[in-house]
Amino acid sequence: MKTFFIAFTMLFALNITAQEINWMSLEEALEAQKTSPKKIFIDAYTVWCGPCKMLDRNTFKNEDVVKYINKYYYAVKFNAQGDEEVTYKGKTYSNPGYDPAKAKTRNANHQLSRVFGIRAFPTLVFLDEQSNVLAPIVGYKDAQGLELYLKMFAQNDHKEMKTQEDFNAYYENFKFQFKK
């Protein structure tokens, strides 16, 4: 009986920690869109960015965030100062100014950062089902702060917003459900 209890406890613990966002490359997400259209959620980070690490440690470990992103989005991690080549909309982007000696510190921005409107870190970029940029959202978001944007774009509520006042009204009426 004791062995069964230990095995059950370990299995339960593994199940709890196994809930993670299904991260993929941008190319994998774009390929997946071809057969099963979904929006794409991009975490544009840098290796030196403290708030980026807080997103990983806090927000992206939140059970509600994990479930929602995995259900409604293809999730992409993008090092916005990294050296990988990325193909997007038929064009290959790189980071010609990348310095390997600065791999763990501030580096040149990747060319794709300009395409996505990334000017600060972290930036959360939302793409529609045709991989068009919907919006770059700048800065750290806790689970509820991210919930607003995840649901707004997944449910296409953004299409009804034409002014800042429209967004303000949406925010004021939004019913937060994610646990902190």
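In strand 6, the side chains of Thr 123, Val 125 and Leu 127 point one way, Leu 124 and Phe 126 point the other way, and all of them are buried. I should say at the outset that this is a predicted model.

So how buried is strand 6 as a whole? The strand covers residues 123–127, and five of its five residues are buried, so it is largely enclosed by the rest of the structure.

Next, its partners. Strand 2, residues 39–45, runs antiparallel to strand 6, and five bridges join the two. If you want a position to look at in that pairing, take Phe 41, which stands opposite Phe 126 of strand 6. You will recall that Phe 126 points the same way as Leu 124.

Strand 6 is also joined to strand 7, residues 133–138, by five bridges, and this pair is antiparallel too. Here Leu 124 stands opposite Ile 137 of strand 7. Strands 6 and 7 make a hairpin, with five residues between them. One residue to check in the turn is Ser 131, where phi is positive, at about 65°.

Now to the surface. Which residues gather in a patch of negative charge there? They are Glu 27, Glu 28, Asp 83 and Glu 84. Let me take Glu 84 from that group. Glu 84 sits in the loop between strand 3, residues 73–79, and strand 4, residues 86–88. Its relative accessible area is 37%, so Glu 84 counts as partly exposed.

To recap: strand 6 is largely enclosed, strand 2 and strand 6 run antiparallel, as do strand 6 and strand 7, and the negative patch on the surface includes Glu 84.

Definitions and conventions:
Residues are numbered from 1 along each chain as its sequence is written. This is a predicted model: local features need pLDDT of at least 70, side-chain atom pairs count only at pLDDT 80 or more; totals for chains, interfaces and linings use all residues. Side-chain values use heavy atoms; hydrogens and water are left out. Buried means under 20% relative accessible area, exposed over 50%, partly exposed in between (1.4 Å probe, protein chains only). Helices (H or I, at least four residues) and strands (E, at least two) are DSSP runs, numbered from the N terminus. Two strands pair if DSSP finds at least two bridges between them. Patches are made of residues with over 30% relative accessible area and no salt bridge: like charges are joined within 9 Å, nonpolar side chains (Val, Leu, Ile, Met, Phe, Trp, Tyr) within 5 Å. Accessible areas come from the Shrake-Rupley method with a 1.4 Å probe; for residues, only the protein chains shown count as cover. A salt bridge is a side-chain nitrogen of Lys or Arg within 4 Å of a carboxyl oxygen of Asp or Glu. Lys and Arg count as positive and Asp and Glu as negative; His and the chain ends are not counted. The place of a charge is taken as NZ of Lys, CZ of Arg, CG of Asp or CD of Glu.
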